[in-house]
Amino acid sequence: MPDLLQGVHIAYQGGDDKELPFLLALPDIDGVGVTSKLQWQEWAQRFELHTLSLDPDFGGSFAELTSSVASWLDARLAGAPPTRPVYVLGEGFGGVLALALGWQCRAVVNRLILVNPATSFSSSPLGRAFAALERLPLPPQVLQGLDSLPPLPLPLPLPLPPPPSPLALALAPMLAQNPGALLRGLAGSLASGQPAEAAKALTEAVAQLDSLGAVLPPAALRRRLRLLAEGSKAVAPLVRSVPQRTLVLAGGSDAALGSAQVAGKLEERMPRAFKKVLPDAGHALLSEPGGALLPLLDAEGFYVTRRVFSSPLPPGADPASVNVFGSAGPVEVPNEQEVHRYSKAWNNRMREINSPVFTSTLPDGTRVLGLAGLPSRLHPHPATAGGGSSHSGPAADGAGNSGSGSGSGGEEGGPQAASAGAGAEAAGSGAGAQGSTGAGEGESQGAGGLPPDWGDGPLLFVGNHQLFAFDMTVMVEQVLLEKGILMRGLAHPWLFKESVPRGSTLMGAGGPGSPSSSTASASSNGHAAVGSRTHSSSSGSSSSSGGGASTKAAAGGGGDSGVSKLIETSTSIMSALGGIRVDGGRKDEEEGGGGSDDSTAFLGNMYQSFGAVKVTPTAMFRLLSNGEAVLLYPGGVREGFKRRNEKYELFWPERSEFVRMAARFGATIVPVSAIGLEDSLALVLDSDEMQRSPLFSAADRERAAATPTARVGVAAGAGIDETFVPPLIAPSWPPSRFYFHFGKPVRTSPDMAKDREACDKVYGEVKSAVQDGITYLLRKREQDPYADFLTRMVYEANPPFGPKRVAPTFEP
């Protein structure tokens, strides 16, 4: 193990089982974990626990501290399997250090827990007060004198311990229990005739303050605040690039740092952060009522005992090659609570308004409501007892419908999706780990959980690309939660705007595992969204652009031209339909800079969290060779950006490259048809009209021309317009119900890959099946008694007091 800096210590606190998740706990500026110590014994039952401490005289810089701890982490976790969860928890100052370690150790650390992180220290009341004191020419004796003042009496009718020093009392709002909450608790105990309980609580609080005074003498406090100021400035440029799944716990009554507001900003800016605010908690959240960490982790689904991946991990795999967001390697499958959180931000509104209906086809050709025609690859998501799901995803009812359940990171169903070329290979199939139930009722199971007639090979879903493909996120979510198939995808490059941090003193530590070091790749004959079988091996290691958004970035950049403003208007409309807030880009140095468009960043981060990959010449091949599954849209951008009077038309290339892809891997092709979205959107200006508009400036034309195309290789010469100029759209009233149909599977074999005539025949069969599915859904929609929006909404609202329900639909 590398030597730590002088004055820096990391102690093992328990958790002998190396199969347990790993946790490194970082203290606040007290340096010893005063507020969390009482929980360490419990944590050691669920984690291999290590804690960091700093001596009072530690005088190193923040960069030196980060580098030293990062070296220790890398050495300590060398050889750990990628399936092992590795957590770093930080309180206050420790939260700032955790972010720095998250960036520097992104190859080995996969989860962060930030407790009232002091990332906004310089703009907080405490930070402003400290900055003012730093500008005053106060000799050290002034601060030292605070510690020698007589203790303040506490006039309460209780048997009290010796009162704390004034300096310790001054630190209470930041590092000890929330004084207001403490006084309310004391008053409640006294009012209920329990003076002993009140005395005990007060004794513990005073003891905590005394320990603060012992570990933070005035000179040490000043050094720590300087270290905190240095650290918060250093991590600000990194916030948008820290890739780990992150839980931000915040005290709503933390007056010292305004942690509730900080948590909201981090949730907006970090790629995979979500917040949990405890309204009555102060800064010392972990030492206050309701601040027990383990129940909070369980309730939020943030405690896992093993990471589950989208494809098998070969023995001895490098963790740096696993779960690199945006790469074509195996990706960790989101658990049910994570899917639910994304749904709240994106899919729930569509489920409420569009009430999707799913139908599928059994291997014998029988059409049924629901997804019984798809293979079931559900596996339990590893977690300890008590870590069960607190949210349920969309459950299909007997009518094949689903309610407004969890949201997934959609797949590259949008015009962002990638088009691949001749060298691309077919995709493998895979399953997510989104449940503990088996196959759907009535499904006979063959090898690998597939119906016997399907075999055990990869799956390639091939479908029609609706306008902007908002609907694909709903379909991806439903298949993931109900059937356990995680759909990944090859997305159009515009969605993956690079988030390269600049200006941080910590930028020296690049290393593997960063988004920019991804070796992602691709080539395909259309847009692809990929699904994969989930594996939970303990050894080694080995998209999707769903509901697209028309943004300035989509048009090739920002600018103040008329067309850019029209596109921004379209963005706001689509984001409102999807249920997310669009603030536009804004640059905020304190919280991470960047200034990227919020809706584009949200979509890009969400899709990458669910396995999306930027289209490159090798990404598709890697996905297939890893055994992932693909949702392919051969119509690409041209079909996603339909012109007027082209509703539900297919714009597929004539070459049968995706069949050759599937055949090379023996994939089973499943035709997918979808309707409803194109009846819910109205074209204000289509792509051609946008380009002919006088508002379309020369700069807009240059940006559109500079936007990378998704089709490469043979597909690039297919004669299909791939110009990336999103149309301007508006909602169409009334919104239509969404309908999805999975057609009869078509099997392929490796021998077919060399037979162009056979591939062309299968290609024609698949295209006809998709078109026939569209026709079938349009016809059956006329038989749906709840196709009408108002009738459906009244039924599903179930007034006046009944529970919400899902409207039935047609008989297949």
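Start by selecting Leu65 in this predicted model and displaying its neighbours: leaving aside residues up to four places away in sequence, Leu65 touches Leu5, Val8, Leu54, Phe58, Phe93, Leu97 and Leu227. Widen the selection to the nonpolar core around Leu65, which is the largest in the model with 51 residues, and in which Phe62, Leu65 and Leu73 have the most contacts. Helix H3, residues 93-104, contributes the most to this core, giving eight residues. In soluble globular proteins, nonpolar side chains tend to be buried together.

Keep H3 on screen and add the strands beneath the cursor one by one: H3 lies across strand S2 (22-26), S3, strand S4 (86-91) and strand S5 (111-115), and runs at about 145° to S4.

Next, colour the whole sheet, an open one of seven strands with mixed pairing, in the order S1-S3-S2-S4-S5-S6-S7. At its edges are strand S1 (8-14) and strand S7 (273-278), each of which pairs on one side only, and the twist from one strand to the next averages 20°. Zoom in on S1 and strand S3 (residues 48-54), which run antiparallel and are joined by six bridges; to see one of these pairings, select Gly14, whose bridge partner in S3 is Leu49.

Now move to a second core, separate from the one around Leu65, which has 50 residues, among them Leu481, Leu495, Tyr607 and Leu683.

Finally, zoom out to the full chain of 812 residues, 59% of which count as buried, with 23 helices and 19 strands. With the surface switched on, the accessible area comes to about 28,900 Å², and 56% of that belongs to carbon and sulfur atoms.

Key. Residues numbered from 1 in each chain as written. Predicted model: local features only at pLDDT ≥ 70, side-chain atom pairs only at ≥ 80, totals over all residues. Heavy atoms only, no water. Core = buried A, V, L, I, M, F, W, Y, C linked by side-chain atoms within 4.5 Å. Buried < 20%, exposed > 50% of the residue type's maximum accessible area, 1.4 Å probe, protein only. Helix = DSSP H or I, 4+ residues; strand = E, 2+ residues; numbered from the N terminus. Contact = heavy atoms within 4.5 Å. Areas by Shrake-Rupley, 256 points an atom, 1.4 Å probe, with all protein chains shown as cover. Pairing = 2+ DSSP bridges. Axes fitted to C-alpha atoms, helices over the stretch in contact; angles between N-to-C directions.
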